[in-house]
Amino acid sequence: MTPARLHLVTTDDPHDTDAPPASGGPLWDVPVPLTGAATATPPFPLDVFPRWLGDMATGVARFTATDPAMAGTLAVAVLSACAGGRLEVEPVPGWREPVNIFAAVIAGPGERKSPVHRAMTAPLFAAQFTLSEAMRPRIAEAAALRDIADRQAEQAKAQAAKATDPGKRDEAAAEAVAAAIAAESITVPGLPRLIVDDATPEALIGLMAANGGRMAIISDEGGIFDTLAGRYSGAPNLDPYLKGHAGQPMSNERQTREGASIDKPALTVCVMAQPVVLRQFGGNAGLAGRGLPARFLFALPASMAGYRPVDTPPVPEPVTAGYRHRVHDLAATFAEWEDPAVVTLTEDAGKVRRAAAEQVEAELRPGGSLHDMREWGNKLAGATLRLAGLLHVAHHPADAWRRPIDADRMADAVRLAEFFAAHYRAAAATITADATTETARRVLAIVTAKGMSTFTRRELHRRCHRQLPRAADVTAVLDVLTAYGWIRSTEAGGYEVHPRATDLTTGGGGDSGDTVTTPPVGRISAAQNT
């Protein structure tokens, strides 16, 4: 098999040529891309999944009329919640990569994040319920034994306190100490937890310590980003996130009297947030300085608003049942383990990995596609291995830990890494976007969608009154679009639009501020035809 090459999307314009004049005027230059508009965001490669998982992501996307990138990214997070902390990939001796991932789905309000979240995470909650029910008898037994031991310790302590004879007092004291130690040695386990919606950093450490060092935060809201950005605390504790991603030992002596220590934490995070939350999170210098945003795999699904069918077919019951069964069993099986399994790569898979890693390294150089996002690109080789491990588990849910990762799965992981690389670039553009330029991008999308080859200032204000409520807003946007070469003034006092604006822009233009680079209808068709 020929090693796959990581094809990273760049911002070079393949149509970098002069355009003919719209109406007998001078030639047009190629316009300067507006923030976000030149960032290519390819569709989610659903075919990297086995059929049981790909059909579920496709069915959920079709039923909710959402970009498959939303359900696809949730599917990766669900796999991480199952296998994180229980599987490691060893590409070469001495390097072991955990498979837990951090992901963020960025979509505007009303983009149906909650229904997608609910459908994809349901089996995790079901597995959590199963594990809890199985644990209840053991909890009850341990609680009873602890209560008995506590009572015996109290009685022994009372007897020792009453003893007057020195010899008997020493003997009673020794018995009281032994009884207290025996009582303390009985631990009453809590109910198992696989997934939570939100938690403070301090509470998260306690949850991870009580659940074998593992935990998954998969939320359809961006509250975690608010917490990490310091909304509720001037200096949030980032250790459970930084160390939970890397698998480094951590402790928190403030959590309980005894403290909570975790030798090998494994945290999964998947947040579904709005663009404004992403800007606050990614624009926080403290978080960026600690490298937290660079640990995330971002997905910016295309907005389907305006193109959604009114009635959509539900996910077929056999598809839902198959997905529920496999995720439930994966989560329950891995939850019983204490030590992670280690999987290696086949020789051909190793060639695929090396070729991709070499190209990543080359793209990190000045002029390369990863150079301007090195903080993320430096982690791409490891992230690709994590994705390979998760895809390996998905394709072999019964025995992934007994077989090496093959070349096909490694090549699929490289393709999935390409998707996340392009979307990270789009997320970075969203984070750094200037408000006026963002508005100009939305206005340009409306102008091209309505086929406005020419317009007056008043027509623009009327057509885009939501985006441009004030006359000053109209002036600012016209200045940006003119400066960037998307429009130019006419002798009649109006404006004409670049004749290739529709080709050079890539859709979008809703109120969410999302970067959309594939026509929404195309993505719906892709989901339906997969």
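This passage describes a sheet, the nonpolar cores and a buried arginine in a predicted model.

We may begin with the sheet, which is open and built from 5 strands in the order β4-β5-β8-β3-β9. Its pairing is parallel throughout the stated order. The edges are formed by β4 (195–196) and β9, each of which pairs on one side only. Within the sheet, strand β5 (residues 214–219) and strand β8 (residues 266–273) run parallel and are joined by 6 bridges. Here I217 stands opposite V269 of β8.

Turning to the nonpolar residues, the largest core comprises 118 residues, and Y241 and L292 are the ones that touch the most other members. Helix α14 (residues 407–432) supplies the largest share of this core, with 13 residues. A further core of 22 residues lies apart from it and includes A440, I446, F455 and C464. As for L292, its contacts beyond the neighbours within four places in sequence are F102, L228, L238, Y241, L242, F281 and L287. Y241 thus appears again, as a contact of L292.

A charged residue completes the picture. R295 is found in the loop that links α9 (285–290) to β9 (296–299). Although buried, R295 has no salt bridge; E97, the nearest side chain of opposite charge, is 9.5 Å away, whereas a salt bridge requires the nitrogen and the carboxyl oxygen to be within 4 Å. A polar atom of the R295 side chain does, however, lie 2.8 Å from the backbone oxygen of G291. Setting aside neighbours within four places in sequence, R295 is in contact with F102, L242, H245, R290 and K379. Of these, F102 and L242 are also in contact with L292.

Technical notes: Residues numbered from 1 in each chain as written. Predicted model: local features only at pLDDT ≥ 70, side-chain atom pairs only at ≥ 80, totals over all residues. Heavy atoms only, no water. Helix = DSSP H or I, 4+ residues; strand = E, 2+ residues; numbered from the N terminus. Buried < 20%, exposed > 50% of the residue type's maximum accessible area, 1.4 Å probe, protein only. Lys, Arg positive; Asp, Glu negative; His and termini not counted. Polar contact = N/O pair within 3.5 Å; in protein donor to acceptor, adjacent residues only side chain to side chain. Contact = heavy atoms within 4.5 Å. Core = buried A, V, L, I, M, F, W, Y, C linked by side-chain atoms within 4.5 Å. Pairing = 2+ DSSP bridges.
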